[in-house]
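Please open the model in a viewer and keep the sequence at hand. The tour below proceeds by selection, one stop after another.

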Amino acid sequence: MTFFLLGSEAVILLDNEQKVYQKMRERLDEVDLDCKVDLLMSTDVTSVRLSTKPIHFTRSQSGWFFRTNRTDRVGRFDADVYDAHGISVVTRKRREHLSDEDIRKNREIGRAV
C-alpha cells in the first residue's frame, strides 16, 4: 500500500499488488467550508521559489596553507565537495484581495513573529 497526501484535502490509497487506487476526500460541512474560505481570503497569497539563474559552483577547499580539493566519504564512496554560490530565495506576496483591515492585521502578526 502506498499513501499520497494531497495537502489537507485528500488522500490517495494505492494498492500496488492489485493495481487499483482510491481517492478519499475530507467532507466539509458548509460552516467549515465558510471558515476556510474566510481564512484564505483574509491572508496574503505567498509564493516562495529558489532563484537559480545566478548560481555557480566552486570546488570546496580544505587546509590552511596547502589548499587541496575537499573530498568526503559517503558510505563506501569518495565524493567531491562543491560550494554553491548565488542562490537566493524569492518571496512574493499578493494582497489585492485584502481589505485595509486585513492588511493591518497581517502586518501586526508578522511583527509579533
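Does Leu50 count as buried or exposed? Select Leu50 and display its surface: because its relative accessibility is 52%, Leu50 counts as exposed. Please bear in mind throughout that this is a predicted model.

**Stop 1: strand S4 and the patch**

Keep Leu50 selected and extend the selection to residues 45-51, which form strand S4, where Leu50 lies. Next, add Val48, Ile87 and Val89 to Leu50; together these four make a nonpolar surface patch of about 390 Å².

Now move to Ser51, which also lies in strand S4. In contrast to Leu50, which is exposed, Ser51 is buried, its relative accessible area being 13%. What does Ser51 touch, if residues up to four places away in sequence are not counted? Select Gly86, Ile87, Ser88 and Val90 to see these contacts. Ile87 thus appears twice at this stop, as a contact of Ser51 and as a member of the nonpolar patch.

**Stop 2: the whole chain**

Zoom out and colour the chain by secondary structure. Two helices and 11 strands should appear. Followed from the N terminus, the elements run β-β-β-α-β-β-β-β-β-β-β-β-α.

With the surface switched on, the accessible area of the chain comes to about 10,300 Å², and 55% of this belongs to carbon and sulfur atoms. Of the 113 residues in the chain, 11% are buried. Among contacts with a separation of 6 or more, 44% are between residues 24 or more positions apart.

**Stop 3: the sheet S1-S2-S3**

Select the strands S1, S2 and S3, which form an open sheet in that order with antiparallel pairing. Its edge strands are S1 (2-6) and S3 (20-25), each of which pairs on one side only. Direction ignored, neighbouring strands of this sheet are turned by 20° against each other on average. In general, strands of a sheet pair through backbone hydrogen bonds.

Restrict the view to S1 and S2, the latter covering residues 10-15; five bridges join the two in the antiparallel sense. Which residue of S2 stands opposite Phe3? Select Leu13 to find the partner of Phe3 in S2.

**Stop 4: salt bridges**

Show the charged side chains as sticks. How many salt bridges does a search of the whole structure find? The search finds five, and three of them are visited here.

Begin with Asp80 and Arg59, whose side chains meet in a salt bridge with an N to O distance of 3.6 Å. This pair links distant parts of the chain, for Asp80 is in strand S9 (residues 77-80) and Arg59 is in strand S5 (residues 56-59), 21 residues apart. Asp80 counts as partly exposed at 46% relative accessibility, as does Arg59 at 25%.

Next, select Arg70 and Asp72, which form a salt bridge whose closest N and O atoms are 3.0 Å apart. Arg70 is partly exposed at 33% relative accessibility, and Asp72 is partly exposed with a relative accessible area of 29%.

Finish at helix H2, residues 100-112. Here Glu101 forms a salt bridge with Lys105, the closest N and O atoms lying 3.1 Å apart. Why are Glu101 and Lys105 separated by about one helical turn? The reason is that they are four residues apart in helix H2. Glu101 is partly exposed, with a relative accessible area of 44%, and Lys105 counts as partly exposed at 40% relative accessibility.

Key
Residues numbered from 1 in each chain as written. Predicted model: local features only at pLDDT ≥ 70, side-chain atom pairs only at ≥ 80, totals over all residues. Heavy atoms only, no water. Patch = residues over 30% accessible without salt bridge, like charges linked within 9 Å, V, L, I, M, F, W, Y side chains within 5 Å. Areas by Shrake-Rupley, 256 points an atom, 1.4 Å probe, with all protein chains shown as cover. Buried < 20%, exposed > 50% of the residue type's maximum accessible area, 1.4 Å probe, protein only. Contact = heavy atoms within 4.5 Å. Pairing = 2+ DSSP bridges. Axes fitted to C-alpha atoms, helices over the stretch in contact; angles between N-to-C directions.
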